[in-house]
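Labels like "buried" or "cavity" only help if you know the rule behind them. Let's put a few of them to the test.

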Amino acid sequence: MERTSILLGGCELKSTIMNASGPRSAERGEIYELTAVHRGAIVFKSCNMAGLDTPENLKNAGVEHFAALASEFAARGKPVIASIVGSTESEFVEVAKRLDRAGAAILELNLADDYVRSSIAPFASFERLKSLVGRVRGEVGCVLAVKLPPKSGFSPRSLADALKSLRVAIAVCQNDLAKDAQVDAGAGTVKGPPRALSHTHAMFRESEGLLDIVAVGGINSGGDAYVAHLTGAKAVQVGSALIKEGAGALGRIDRELNAMLAEHGKDSVNQIIGAMKFI
Ligand SMILES: Cc1cc2nc3c(=O)[nH]c(=O)nc-3n(C[C@H](O)[C@H](O)[C@H](O)COP(=O)(O)O)c2cc1C
């Protein structure tokens, strides 16, 4: 299924489909299962330095647990996206350094979670954002991604400019396309005047090709992935469908996307990324 292969932040991935950080990506067994059944990248649950018991959604065993897994997968050539949370800037930097050394291909800074927003407040000002991301950037060599909340308080343009200036390669954005958008996926069209259709689409439009956009939220089928790609996503992450269906959801969505691309005469997913037209 080369049709769904992609270069994300310069990393070669065999599929644009990947799991979202969290669901089925915390325990060793869960991560092995994902890597066994899916040929694309694997995203780890967000981790901090020592691990967390609360909040429940960020329960994790700490960076050493994930660094050991990252080293194993790096040795096998499996691309790993390691996700980071922290309650201080220094914690982010130390966790990032450890995961970078362990061989993670991409580091995803989780700035979308309330835990981070209430402790570090990365979007309180551009200085705060630049200080946090700039410090991590200065300490690690690998590709950087930032997971963004749908509403940061900054305009998509200024946020895209800030991330570009910080040499962030990837923005993970919400796939919050309105349910009533009248999309014809095959034709690559949507009814109505030109506008930002979602957080993903807004960031794609403002990034001028200098940021790769990953869409997360509500991706349950190849059709959902296809539409997210039309709105500018270079890759998509799957959360709830994994919880409901198990690790096989990733392969199913990849196969469905591949079949839709073939049906619409596309040799590569690259032909549809950001190609949505307004009619
Ligand atoms: C049980 C659970 C745990 C999650 N843990 C994390 C996490 O550790 N880090 C993170 O960035 N997002 C986390 N998320 C959010 C998901 O990565 C994703 O953004 C969200 O589920 C939306 O995607 P979906 O509509 O496909 O579920 C979690 C979500 C769920 C349901």
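What follows is a short run of questions about cysteines, one lysine, and the pockets and cavity.

This is a predicted model, in which local features need pLDDT of at least 70 and side-chain atom pairs count only at pLDDT 80 or more, while totals for chains, interfaces and linings use all residues. Residues are numbered from 1 along each chain as its sequence is written, and side-chain values use heavy atoms, with hydrogens and water left out.

Q: Why is Cys 11 not in a disulfide with Cys 142?
A: A disulfide needs a pair of cysteine sulfur atoms within 2.5 Å. The closest cysteine sulfur to that of Cys 11 belongs to Cys 142 and sits 8.2 Å away, so that's too far for a bond. Cys 173 is in no disulfide either, with the nearest cysteine sulfur, that of Cys 11, 17 Å away. The count for the structure is zero disulfides.

Q: What makes Cys 173 count as buried?
A: Buried means under 20% relative accessible area (over 50% is exposed, in between is partly exposed; 1.4 Å probe, protein chains only). Cys 173 comes in at 0%, so it counts as buried. Cys 11 gets that label too, because its value is 14%.

Q: Why is Lys 234 called buried?
A: Its relative accessible area is 19%, so the buried label applies. Lys 234 is found in strand β12, residues 233–238 (a strand is a DSSP run of E, at least two residues, numbered from the N terminus).

Q: What does the side chain of Lys 234 reach?
A: It reaches the backbone oxygen of Leu 7 at 2.9 Å. Beyond neighbours within four places in sequence, Lys 234 is in contact (heavy atoms within 4.5 Å) with residues including Leu 8, Asp 212 and His 229.

Q: What makes a space a cavity, and how many of 30 Å³ or more are there?
A: On a 1 Å grid over the protein atoms alone, a cavity is a set of points where a 1.4 Å probe fits but cannot get out; a pocket is an open set with protein on both sides within 12 Å along at least five of seven lines. By this rule there is one cavity of 30 Å³ or more. The largest cavity holds about 30 Å³, and the largest pocket about 270 Å³.

Q: Which residues line the largest cavity?
A: Lining residues have an atom within 4 Å of a point. Among them are Leu 8, Glu 108 and Gln 237, and β6 (106–110) and β8 (170–174) each supply at least two.

Notes: Helix = DSSP H or I, 4+ residues; strand = E, 2+ residues; numbered from the N terminus. Polar contact = N/O pair within 3.5 Å; in protein donor to acceptor, adjacent residues only side chain to side chain. Points joined across faces, edges and corners; volume = space filled by probe spheres on them.
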